[in-house]
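Biologist: I keep staring at models like this without a plan. Could you walk me through how to read one, feature by feature?

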Amino acid sequence: MKKISTLTLHNLNKAKGQYISFGVFICLTAFIINIALVLAFQTFNAYDSLFEKLSAADINFIIPQIQDQEDLLTEVEGIDGVSFVEKHEGVFTSVTVREFAGSDFDMNTVFYNLDEERTLNLRDITESSEMSDNSVYIPMYMKELGGFAEGGSITYSIDGEEHTYHVGGILLEMQYGNYGTGMIGGYFPEAVYEDFAQEYSDHVITEYSLKISSTADLGEMKNTISEVLREKGIALLNINDRDTSKQTRTMVCTLLIVIFLALAAIILVVSIFLSNFRIRSAIEDELAQMGVLKAIGYTSSLIIASTVMPYMLVGIISTVIGIALSYAVLPSVAGILAIQSGFSYTPVFDSMALLIVLLTLMCAILLFSYLSAGKIHKLEPINAIRGITGDESTGQNVLLFIVSFGIMVLLSFAGTLLYNVNVKPDNFMNTLSEELPSVIFTAEDGKMTELKELLENDSRVRLFMEYASVPVSYEDGSLTAFVCEDFSKATNDICYEGHSPVNDNEVAIGNAISDKYPIGSNIELTVGDQSADYIVTGYIQSVNNAGAVCQLTREGYKKIGETINSVNVYLYEKTAEAFITEYEENHDTIIKSSVNFEQMSENGQMMYTGIVSVIVVILFIISVLMVLLVMYVLINSMISRRRQEFGIYKAIGYTNRQLTVKTALSFIPVVAVASIISAIAGLWYLPAINNVIFSLIGAIKNHFEVSVWILFVFAGMFTAVAFTISVLLSAPIKRITAYSLLKD
Amino acid sequence: MDKQTVISAKHLKKAFGKGESIQVIYSDLNIDIYKGDFTVIMGSSGAGKSTLMYSLSGMDKPDGGEIFFDGTDITKLNNDKLAVFRRKECGFVFQQIYLIDKMNLMDNVIAAGVLTSKDKEDIKNRAKELFSLVNIPENTWKKTSSQISGGEAQRAGIVRAVINSPNVLFADEPTGALNSANSGAVLDVFTSLHKEGQSIVMVTHDKKSALRGNRIIYIKDGKIYGECDLGAFEQDDAERTEKLDQFIKEMGW
């Protein structure tokens, strides 16, 4: 150890700047990987802990209370694998939540009696205000995303009737704690619940909550339950299970982990190439000295160890700093995730994550720096002293090309995201939503024809069509059915395979059940006691309902349900608010209710624009930082290697400015070529990246456009930034004088 | 008294390049180096003086032949064993000095010393003695090579070369990059080391440097072309100077 410590310290001391830049890269990599790993380890564990703490059921299913039968409980208890069953009462209805994140939001909601004695699906009230005789407790999701707070109020509109409640508190629960499953919970104190249940007695449901043995299969269990209910002629309104809920509530977390790990991988690759280049140039620059070291008795292994050791030392210190810094931002990241997941936790120090980050980075640094320094083995001392390596290339152009290409991948991804969220927001919103009308009108009974006539004659209306989202059941649970008079008029094609239904015996189904029903097979759909068979014509996607959706034609739905009475209206201009006001004032006998969907979309878009802007800014900062550090290493090495050449140029009359520009320009061809190739390749790899990312959240088909012009603009900007940074970093050329060469 | 052989090289072969561009340096060269001798290898440019010296010291491998260094055939050693051999048996002084830049003189010497000694204090003490011997004042020990004169740097290079008490000290044109005053100081160090019994092999084409040796070997056409015994060095010894002049004249220099 003593033999290499002197040399190691010497190596560290002589190229401090280079090691600092390498350290910054490793610090950044450790920072990002540790965030990803802590989220991966602790979010899912926090979910599981909360699941245990609240004694959450493994499976919950709800049926109309009116159809509940005395022997059903016994039969469900008798299902193989069921260890415990508990029944609860609730009210299941579709509501419009007023001012949810500043807009109206339609939500399937189950209201419960908060004071009911129960052993399963407990609730943890995290924040509460003074009780009132008109209180409702809402899940954290409604607070984090909807903007409702304890002590404030919340208005539910049910069938056009407004119900305003005082928000008594915020609670954590595991069943309907976020809307990813297409259901949300509401919790009334007993007295309020009794009144509500009486008013909506038609919607009263019975919920069966099941604990199952650890060996039982959730999927099989759900099938058995569906079978039992079908045999008894009971409609299954909804069924959810432990795994699906967890997957839904941790979706954004999973997405973030994937993005973070991908980002960390890019930075790590750049740092490895950087250290490789640095070591190769160090060997080139200090060839004679290495020869001398060999001459005086240092073995190749000792010299390699003293070359690798500084990278290991810097790597360890930087990794520890990066990990420490990550804990400063992890609470904020966990807070952001709570918006979607509907539960919060405080990230704590994770020794396993530390170990993995440290081992991964150290192994990568050790392996690649050792491979780079391996060249030292082949150096004959006498040849080294005479300056003969047999390999004059330090891989500068390769490094620059790979780094430029990698950074352009980041920039292209960021640019495409920005373009599709800010410039062409419909692309983004269509990926995450179904139809995006300006207004949704619900007509009074029997007034649909009149409403359509009015819209037909209104020059502000670009398009309108009968469209509704209604619940239907199939053998394994419930689906949200999008019913439309003619899907060829729809503005957002959410069908990613096959086609939307055209005839009344056709259905397109969501990706949640596509595995079970191949295209061409039959599926039985039920509403109440009416059922009909439909032929599957295609598969559709829906991020908001976790893929548990289907499309039916208006006539197809009529076979099992009532006539739909809502219309999607698409306006030429963004004038939905005035349009609604006018229609509600002038046609109140025709319009039963209206939804300003334009406002909802804008609110949703604003939220996503905010998140995307943060991601884009982070990617831009990381890109510029990488360019800065890589150019620093390259230019520093170049100046050190070509010191004599610069001195000669100065001696024959070149100015500092000429030499600085000449140096900066020497990097540009590689940067420009790599950027252009990366931009062109982006036409292929960006759709692939987008597909992977959006598939993770259930959007199998995304509507993102990859604009070649945007990619070229970014390639140009990147090249210009690289040139500017190169000019600034080439400033030390000024300090080289022709006279100093004589002294050297 | 018979001289003790420290290096014995037999039938050495060395060539550079391949095919038509092959340049044979020597094809069957035999040479012995004796303990306590200050052997000077002379010859014209390209004669293979340095190549021979680096072969004898295990820095470079000959293409054929054997080199027995204190009885061990070093041509059979692998690279790592050669490194260990060099650290114990050899010291090197180069024309271009090659002190490790940004490392001060003391650390340059310690970097070599730690290879054979476990006690850093012992190395430091020995380094201090040697610095005194070569006339490098204490206020210079913490300076780097760029902060001192070429002569001081080369004398520090000599300290580094002898810190491990090598069996043989090899020097390749040690005054080649120095001015006259600095050359004299460096050569004086070699002389004092020789007087203390240090075996030295020096390659040079400088007559003043060669005069410091007691045995002159002249290389020509890949062979030992001639050899001259000058006897022990004495300052301003006209007889030795004349003898050397005569010898190199005979060699066709």
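Modeller: We'll go from the overall build of one chain to helix packing, the chain contact and a couple of backbone angles. Keep in mind that this is a predicted model.

Biologist: Okay, how many helices and strands are there in chain B?

Modeller: Chain B has 8 helices and 10 strands. Its C-alpha trace spans about 50 × 45 × 40 Å along the principal axes.

Biologist: And what does the radius of gyration of chain B tell me?

Modeller: You hold it against what a compact globule with that many residues would give. For 253 residues that value is near 18 Å, and chain B has 18 Å, so the two agree. Two other figures go with that: 46% of the 253 residues in chain B are buried, and of the contacts with a separation of 6 or more, 68% are between residues 24 or more positions apart.

Biologist: Now helix packing. What describes two packed helices?

Modeller: The angle between their axes, plus the distance between those axes. Take helix 5 (residues 150-162) and helix 6 (residues 180-195) of chain B: the angle is about 20° and the axes are 8 Å apart.

Biologist: What does that make helix 5 and helix 6 of chain B, roughly parallel or roughly perpendicular?

Modeller: Angles under 35 degrees count as roughly parallel, so helix 5 and helix 6 of chain B are roughly parallel to each other. The crossing of helix 5 past helix 6 in chain B is right-handed.

Biologist: Which residues make the contact there?

Modeller: From helix 5 of chain B you get Gly150(B), Gly151(B), Gln154(B), Arg155(B), Ile158(B) and Val162(B); helix 6 of chain B brings Asn182(B), Ala185(B), Val186(B), Val189(B) and Leu193(B). Sorted by class, this contact between helix 5 and helix 6 of chain B has 6 nonpolar, 4 polar and 1 charged residues.

Biologist: Is there a pair in chain A I can try it on?

Modeller: Try helix 14 (residues 396-423) and helix 15 (residues 425-432) of chain A, with an angle of about 90° and axes 4 Å apart. That angle makes helix 14 and helix 15 of chain A roughly perpendicular, because the range for that label is 65 to 115 degrees. On the helix 14 side of chain A, Asn420(A), Val421(A) and Asn422(A) meet Pro425(A), Asn427(A) and Phe428(A) of helix 15. This contact of helix 14 with helix 15 in chain A splits into 3 nonpolar, 3 polar and no charged residues.

Biologist: How many residues of chain B are in contact with chain A?

Modeller: There are 22 from chain B, in contact with 21 of chain A. On the chain B side, the elements giving two or more residues are helix 2 (79-89) and helix 3 (105-113). Helix 2 of chain B gives the most, with 6 residues. By class, the side of chain B that touches chain A has 14 nonpolar, 1 polar and 7 charged residues.

Biologist: Last topic, backbone angles. Where is Ser165(B), and what is its phi?

Modeller: Ser165(B) sits in the loop between helix 5 and strand 7 (168-172) of chain B. Its phi is near 45°, a positive value in a residue other than glycine. Ser165(B) has 13 other C-beta atoms within 10 Å, so it counts as partly exposed.

Biologist: And in chain A, what is phi of Glu99(A)?

Modeller: Phi of Glu99(A) is near 55°, again positive in a non-glycine residue. Glu99(A) lies in strand 2 (residues 82-100) of chain A. It is partly exposed, because it has 15 C-beta neighbours inside 10 Å.

Technical notes:
Residues are numbered from 1 along each chain as its sequence is written. Chains are lettered from A and ligands numbered from 1 in the order in which they are written. This is a predicted model: local features need pLDDT of at least 70, side-chain atom pairs count only at pLDDT 80 or more; totals for chains, interfaces and linings use all residues. Axes are lines fitted to C-alpha atoms, for helices over the stretch in contact, and angles run from 0 to 180 degrees between N-to-C directions. Angles under 35 degrees count as roughly parallel, over 145 as roughly antiparallel, 65 to 115 as roughly perpendicular and the rest as oblique. A crossing is left-handed if the near helix is turned anticlockwise from the far one by less than a right angle, and right-handed if clockwise. Two residues are in contact if their C-beta atoms, placed from the backbone, lie within 7 Å. Ala, Val, Leu, Ile, Met, Phe, Trp, Tyr, Cys and Pro count as nonpolar, Asp, Glu, Lys and Arg as charged, and the others, Gly among them, as polar. The radius of gyration is taken over C-alpha atoms; the globule rule is 2.2 Å times the number of residues to the power 0.38. A residue is buried if 20 or more other C-beta atoms lie within 10 Å of its own, exposed if 12 or fewer, and partly exposed in between; C-beta atoms are placed from the backbone.
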